[in-house]
Amino acid sequence: QVQPVESGGGLVQTGGSLRLSCAASGRTFTAYTMAWFRQAPGKEREFVAAISGSGGNTFYADSVKGRFTISRDNAKNTVYLQLNSLKLEDTAVYYCAGRRNTVVITSGGYAYWGQGTQVTVSS
């Protein structure tokens, strides 16, 4: 199992950047697909990005392609989400999640979740 803990959220202006970190304790971190989801008030939780255990495969929601980058450092048991060119609609609580093996983009496919970190984008 992995226990994700997110950090790095905050308040940023449109066009700005943030780097979110997810420290995931566990003994077999490499075996886990890790992903980021987000949820804005009154909206369903949505997929943002995912990365395979080795880091060799990444997946992005269309809304963030070209702006966000997911990466991982398996030696540090950490996954990152670099958020660039932020827009107002990126405002949400961002959650880090993990699952064993195959990458999926549905929240129900992930068994391990962090507490979330707030990203607020202002004009």
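This is a short walk through the sheet, the disulfide, the aromatic rings and the salt bridges of one predicted model.

Okay, ground rules. The model is predicted, so local features need pLDDT of at least 70 and side-chain atom pairs count only at pLDDT 80 or more, while totals for chains, interfaces and linings use all residues. Residues are numbered from 1 along each chain as its sequence is written, and side-chain values use heavy atoms, with hydrogens and water left out.

Let's start with the sheet. There's an open sheet of 4 strands, in the order S1-S3-S8-S7, with antiparallel pairing. Strands here are DSSP E runs of at least two residues, numbered from the N terminus (helices would be H or I runs of at least four), and two strands pair if DSSP finds at least two bridges between them. The edges are S1, residues 3–7, and S7, each of which pairs on one side only. From one strand to the next, the twist averages 20 degrees; axes for that are lines fitted to C-alpha atoms (for helices, over the stretch in contact), with angles from 0 to 180 degrees between N-to-C directions.

At the S1 edge, 5 bridges join S1 to S3 in antiparallel fashion, and Ser 7 stands opposite Ser 21 in S3. At the other edge, S7 and S8 (residues 78–83) run antiparallel and are joined by 6 bridges. Ile 70 has Leu 81 as its bridge partner in S8. The S7–S8 hairpin has 4 residues between the strands, and Asn 77 takes a positive phi there, near 50 degrees.

So what do the side chains do along S7? In a regular strand they alternate between the two faces of the sheet. S7, residues 68–73, follows that: Phe 68, Ile 70 and Arg 72 point to one face and are buried, while Thr 69, Ser 71 and Asp 73 point to the other and are not. Buried means under 20% relative accessible area, exposed means over 50%, and partly exposed is in between, with a 1.4 Å probe and protein chains only. Arg 72 has its charged end over the ring of Phe 29, 4.3 Å from the centre. To count, NZ of Lys or CZ of Arg has to be within 6 Å of the ring centre and within 35 degrees of the ring normal.

Next, the disulfide. Searching the whole structure turns up 1, the cut-off being cysteine sulfur atoms within 2.5 Å. The partners are Cys 22 and Cys 96, with sulfurs 2.1 Å apart. The torsion about the S-S bond is -80 degrees, a left-handed link. Cys 22 is in strand S3 (residues 18–25) and Cys 96 is in strand S9, so the bond ties together parts that are 74 residues apart in sequence. Both cysteines are buried.

On to the rings. We have 6 aromatic pairs. Rings of Phe, Tyr and Trp (its six-membered ring) pair if their centres lie within 6.5 Å; planes under 30 degrees apart are stacked, over 60 edge-to-face, and the rest tilted. Phe 37 and Phe 47 sit 5.7 Å apart, centre to centre, with planes at 75 degrees, so that one is edge-to-face. Phe 37 is in S4 (residues 32–39) and Phe 47 in S5 (residues 46–51), 10 residues apart. Phe 37 is buried at 1%, and Phe 47 is buried at 12%. Phe 37 also pairs with Tyr 110: 5.4 Å between centres and 70 degrees between planes, so edge-to-face again. Those two are 73 residues apart, Tyr 110 being in the loop between S9 (92–100) and S10 (112–113). Tyr 110 is buried too, at 5%.

Ring pairs link Phe 37, Phe 47, Tyr 95, Tyr 110 and Trp 113 into a cluster. Arg 45 lies over the face of Trp 113, 4.8 Å from the ring centre.

Last up, salt bridges. There are 4, each needing a side-chain nitrogen of Lys or Arg within 4 Å of a carboxyl oxygen of Asp or Glu. Which residues meet Asp 90 in salt bridges? Arg 38 does, with closest N and O atoms 2.9 Å apart, and so does Arg 67, at 2.7 Å. Asp 90 is buried at 0%, and Arg 67 is buried at 9%. Shared partners join Arg 38, Glu 46, Arg 67 and Asp 90 into one network. Another salt bridge pairs Asp 62 with Lys 65 at 3.2 Å, and Asp 62 is exposed at 64%.
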